[in-house]
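Biologist: Before we discuss this chain, please put the sequence and the coordinates up, so that I can ask about them one point at a time.

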Amino acid sequence: MRYQIQGETLPVVICELEAGEKMITEGGAMSWMSPNMKMETTSNGGIGKALGRAFSGEKMFQNIYTAQGGPGMIAFASSFPGSIRAFEITPGQDMIFQKSAYLAGEANVQLSVHFRKKIGSGLFGGEGFIMQKVSGSGIVFAEFDGHVIEYDLQQGQQIVIDTGHLAAMSATCNMDIQSVPGVKNMLFGGEGLFNTVITGPGKVWLQTMPISNVAGAIRPYIPTGN
C-alpha cells in the first residue's frame, strides 16, 4: 500500500492499493474511491470487540475495502480542521490514541479499547477515561485536532499537558493526573483544576486545537432557545 497525505487545514489521505490489498475503516470515513473497491461491513472480531470500539468512540461495525481485479484507490478525509498522521504499527509497539482518532488502517492492524489505569486520569483527564489502543502490524492513519507537535521522552522524563491536548502516545508511556498547585491558581488561573502528566519512555503527540476547547470557545455565541 502506498499513500499520500494532502492538504493542510482539512487534510485527506489517498491510499493506492495493489490487487487484493485491504483497508479497514469505520462507517462513513470513506471520501472517494475507484470503482473496483469492494466494501464489506463486518463486526471484525465479534460483538465483544465491536462493543469495545464503540466505547472508544468508534462505530460498532467497520467497513473493509478490498481492491479487486487490479490496483485500487481509496481516500479518507478528516472530519475536523486538523492533521492526519500515519503510524507504522509493529508487534510489541502499540499506540494509544485519543478517543475517535482512528481513521483507517491496513488489514492486520487491530483497534481496541484502552482504559486509563488510574481513576483520577479518567475523571479529570478531559477526554474521558477511555482511549483507543492500536496493535498488530501495518500502517494506521489517525486524525488529530489542529497541528501536531511530537516529543520523544526518555526514561522517567515527564511532560505536563493541559486538558485535551494529548493526541497520541506510545504504549510504553505512563499517564497520570496532577492537580494544579495552589488554591488561587486552581480558582482563578483559568487553566482548570487538573493537568495530564505523561512519563516516558516513549513518544507523545500533542494537538494544538482540541475540539473540546473549540466547543467551549463558541458556546457563548450559540443562541439559546427561550
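**Questions on the predicted model**

Modeller: Let us begin with S34, which sits in the loop between β4 and β5 (37-42). Please keep in mind throughout that this is a predicted model.

Biologist: Is S34 buried or exposed?

Modeller: Leaving aside neighbours within four places in sequence, S34 is in contact with G72 and M73. The relative accessibility of S34 is 14%, and the cut-off for burial is under 20%. S34 therefore counts as buried.

Biologist: In what order do the strands of the four-stranded sheet lie?

Modeller: This sheet is open and its pairing is antiparallel. β1 (2-6) and β4 (30-33) each have a single partner strand, so they stand at the edges with one side left without a neighbour in the sheet. From one strand to the next the twist averages 20°. The order is β1-β2-β7-β4.

Biologist: How many bridges join β2 and β7?

Modeller: Strand β2 covers residues 12-17 and strand β7 covers residues 72-77, and the two pair in the antiparallel sense. Within this pairing I14 stands opposite A75, while E16 has M73 as its bridge partner. The number of bridges between β2 and β7 is six.

Biologist: Which residue in the turn between β1 and β2 has a positive phi?

Modeller: β1 and β2 pair in the antiparallel sense over five bridges, and the bridge partner of Q6 in β2 is V12. The two strands form a hairpin with five residues between them. The turn residue with a positive phi, of about 90°, is G7.

Biologist: How many of the residues of β2 are buried?

Modeller: β2 pairs with β1 over five bridges and with β7 over six. The strand is mostly covered, and the count of buried residues among its six is five.

Biologist: What is the order of the strands in the open sheet of six?

Modeller: The pairing in this sheet is antiparallel, and β5 and β8 are the edge strands, each pairing on one side only. The twist averages 20° from one strand to the next. Read across the sheet, the order is β5-β6-β3-β10-β13-β8.

Biologist: Which residue of β13 is the bridge partner of Y102?

Modeller: Strand β10 (residues 102-106) and β13 run antiparallel and are joined by three bridges. In β13, the partner of Y102 is A142.

Biologist: What separates the C-alpha atoms of Y65 and K22?

Modeller: Y65 belongs to strand β6 (residues 62-67), and at 3% relative accessibility it counts as buried. Leaving aside neighbours within four places in sequence, the contacts of Y65 include E21, K22, M23, T25 and I74. Although Y65 and K22 are 43 residues apart along the chain, the separation of their C-alpha atoms is 5.4 Å.

Biologist: Among the aromatic pairs, how are the rings of F87 and W205 arranged?

Modeller: The structure holds five aromatic pairs. The rings of F87 and W205 have centres 5.0 Å apart and planes at 85°, and the label for planes over 60 degrees apart applies, so this pair is edge-to-face.

Biologist: Which parts of the chain does the pair of F87 and W205 tie together?

Modeller: F87 is buried, with a relative accessible area of 7%, and W205 is buried, also with a value of 7%. The two residues are 118 apart in sequence, so their pair ties together strand β8 (residues 82-89) and strand β19 (residues 202-207).

Biologist: Which residues form one aromatic cluster with F87 and W205?

Modeller: F97 and F144 form an aromatic pair that is edge-to-face, at 6.1 Å centre to centre and 75° between the planes. F97 lies in strand β9 (residues 95-97) and F144 in strand β13 (residues 138-145), 47 residues apart, and the pair links these distant parts of the chain. Both F97 and F144 are buried. The residues that join F87 and W205 in one aromatic cluster are F97 and F144.

Biologist: With which side chain does the side chain of T199 make a polar contact?

Modeller: T199 lies in strand β18 (residues 194-199) and counts as buried at 19% relative accessibility. Leaving aside neighbours within four places in sequence, T199 is in contact with L153, G156, Q157, Q158, C173 and N174. The polar contact of its side chain, at 3.0 Å, is with the side chain of Q158.

How values were computed: Residues are numbered from 1 along each chain as its sequence is written. This is a predicted model: local features need pLDDT of at least 70, side-chain atom pairs count only at pLDDT 80 or more; totals for chains, interfaces and linings use all residues. Side-chain values use heavy atoms; hydrogens and water are left out. Two strands pair if DSSP finds at least two bridges between them. Axes are lines fitted to C-alpha atoms, for helices over the stretch in contact, and angles run from 0 to 180 degrees between N-to-C directions. Rings of Phe, Tyr and Trp (its six-membered ring) pair if their centres lie within 6.5 Å; planes under 30 degrees apart count as stacked, over 60 as edge-to-face and the rest as tilted. Buried means under 20% relative accessible area, exposed over 50%, partly exposed in between (1.4 Å probe, protein chains only). Contact means heavy atoms within 4.5 Å. A polar contact is a pair of N or O atoms within 3.5 Å; within protein, one must be able to donate a hydrogen and the other to accept it, and residues adjacent in sequence count only if both atoms are side-chain atoms.
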